[in-house]
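Q: Please take one part of this model and look at it closely, from how its strands pair to the contacts around it. I am new to this structure, so plain wording is best.

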Amino acid sequence: MAEYVIENGRIYTEFETIETGYIIVKSGKIAGLGKGEYEGTLPKYDANGLHVLPGFIDIHIHGGYGEDAMDASETGLKHFAESLLSEGTTSFLATTMTQSDDNIIKALKNIVKYQANHNKYQAADIVGIHLEGPFISEHKVGAQNPKYVQRPSIEKIQQFQNIANQQIKVITFAPEVSGARETLAAFHDKIKFSIGHTVATYDEVNEAVEQGARHVTHLYNAGTPFEHREPGVFGAAWTNDTLSTELIVDGIHSHPAAVKIALKQKGNKQFFLITDAMRAKGMPDGEYDLGGQNVHVKGAEARLESGALAGSILKMNEGVKNLMVFTGESLDKIWRVTSLNQAIALNIEHQKGSLAVGKDADIVILDNDQTVCATIKEGEIHQFEKRIF
């Protein structure tokens, strides 16, 4: 495998931002980091004036580029994962939906099969599975199909987890429904339980946290809103320091001011940028399927026939740009909401999530407009519209 140096870039690390520095890549790993000029003999790629960040990790994404995890197609997952490199995403959780057990099982089996066979240099890694439903509230289904909502049980989650080869890393659930308390108690130390698609009260959310829940799915969507006498899911998410929160930062799912409030309340260590994208991402306007339901896509919006939002068509690099505009914060503060927070939550921070010696050379290079100039996947360089090397 090629050995080379990325030089003259602005490099974002856990400990500091190196204004002008270099990264040495060898055997798919980061072999060195330094300030100033590189003086060795390895081939050099000039990133002058560009931002060098760890590859993005999207923990909530159903599909894109014409594909969906629920299609149970290995070819489809391959195309999807390869296409994600164009937006700087180098790892993700393949996210399922509330459908029949048979369809969920088919999707889980396909994801595991794909994981065993994929080319890690040519596509984003599936680092696990996010089970969004079916263990949600029928009163807050959002774009999920209410026909398939069911109550959680230890037996059912164990069945899914066994089929998934223990790859289920996140489960979105409604903590107020019957069976939730028991399943949370049984699995909270093995799976991250995320509160979403729920009518839970403020107190019920905090009780779930005491029992092991640690995350909130797409904050401000499909949950009980903040009111001054009943703060709801959103109030609990803001004020409970144990909870991390994910947001779809597309300017449609949440008002820019609401995004700014969330970042102020949670800080850059408990905030996760996600896309919650569906198959229409990267595709032209038109009609698309999401979990067996018709979705109309026009411009930046994807909606069901009812008018309900149906996921997003957001790209991760676009989310970064929006987050900077909405909050006024710089990349120095927010880069970690795209990668390091996710890696820590998934217990893969020893391997991914930041630019450090010994970690995978999963790197994204952005210009000042947050356009992806290049994505490096375990040392393999992929360039897109704006070629720089």
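A: Thr-245 stands opposite Phe-271, a residue of strand 15. The model is a predicted one. The pairing behind this match is between strand 14 (residues 244-248) and strand 15, which run parallel and are joined over 4 bridges. Both strands belong to an open sheet of 8 strands with parallel pairing, in the order 6-9-10-11-12-13-14-15. At its edges are strand 6 (56-61) and strand 15 (271-274), each of which pairs on one side only.

Strands 9 and 10 of this sheet also have a helix lying across them. Helix 2 (residues 101-117) lies across strand 9 (89-96) and strand 10 (125-132), and runs at about 165° to strand 10. Two packed helices are described by the distance between their axes and the angle between those axes. For helix 2 and helix 3 (residues 154-163), the axes come within 9 Å and cross at roughly 30°. On the helix 2 side, the residues that meet helix 3 are Asp-101, Ile-104, Ile-105, Leu-108, Lys-109 and Val-112. Their counterparts in helix 3 are Lys-156, Gln-159, Phe-160 and Ile-163. Sorted by class, this contact has 6 nonpolar, 3 charged and 1 polar residues.

Strand 10 also takes part in a salt bridge. Asp-125 pairs with Lys-352, with 3.0 Å between the closest N and O atoms. The two residues come from distant parts of the chain, 227 residues apart: Asp-125 is in strand 10, while Lys-352 is in the loop between helix 10 (340-345) and strand 19 (363-366). Asp-125 counts as buried because its relative accessibility is 7%, and Lys-352 is buried as well, with a relative accessible area of 6%. Salt bridges with shared partners place Asp-125 and Lys-352 in one network with Lys-29, Lys-120, Asp-360, Asp-362, Lys-377 and Glu-378.

Two members of that network, Lys-120 and Glu-378, meet through their side chains in a salt bridge of 3.4 Å, N to O. Lys-120 lies in the loop between helix 2 and strand 10, and Glu-378 in the loop between strand 20 (372-377) and strand 21 (380-383), so the pair ties together parts that are 258 residues apart in sequence. Lys-120 is partly exposed, at 35% relative accessibility, whereas Glu-378 is buried, with a relative accessible area of 7%. The total count of salt bridges is 24.

How values were computed:
Residues are numbered from 1 along each chain as its sequence is written. This is a predicted model: local features need pLDDT of at least 70, side-chain atom pairs count only at pLDDT 80 or more; totals for chains, interfaces and linings use all residues. Side-chain values use heavy atoms; hydrogens and water are left out. Two strands pair if DSSP finds at least two bridges between them. Contact means heavy atoms within 4.5 Å. Axes are lines fitted to C-alpha atoms, for helices over the stretch in contact, and angles run from 0 to 180 degrees between N-to-C directions. Ala, Val, Leu, Ile, Met, Phe, Trp, Tyr, Cys and Pro count as nonpolar, Asp, Glu, Lys and Arg as charged, and the others, Gly among them, as polar. A salt bridge is a side-chain nitrogen of Lys or Arg within 4 Å of a carboxyl oxygen of Asp or Glu. Buried means under 20% relative accessible area, exposed over 50%, partly exposed in between (1.4 Å probe, protein chains only).
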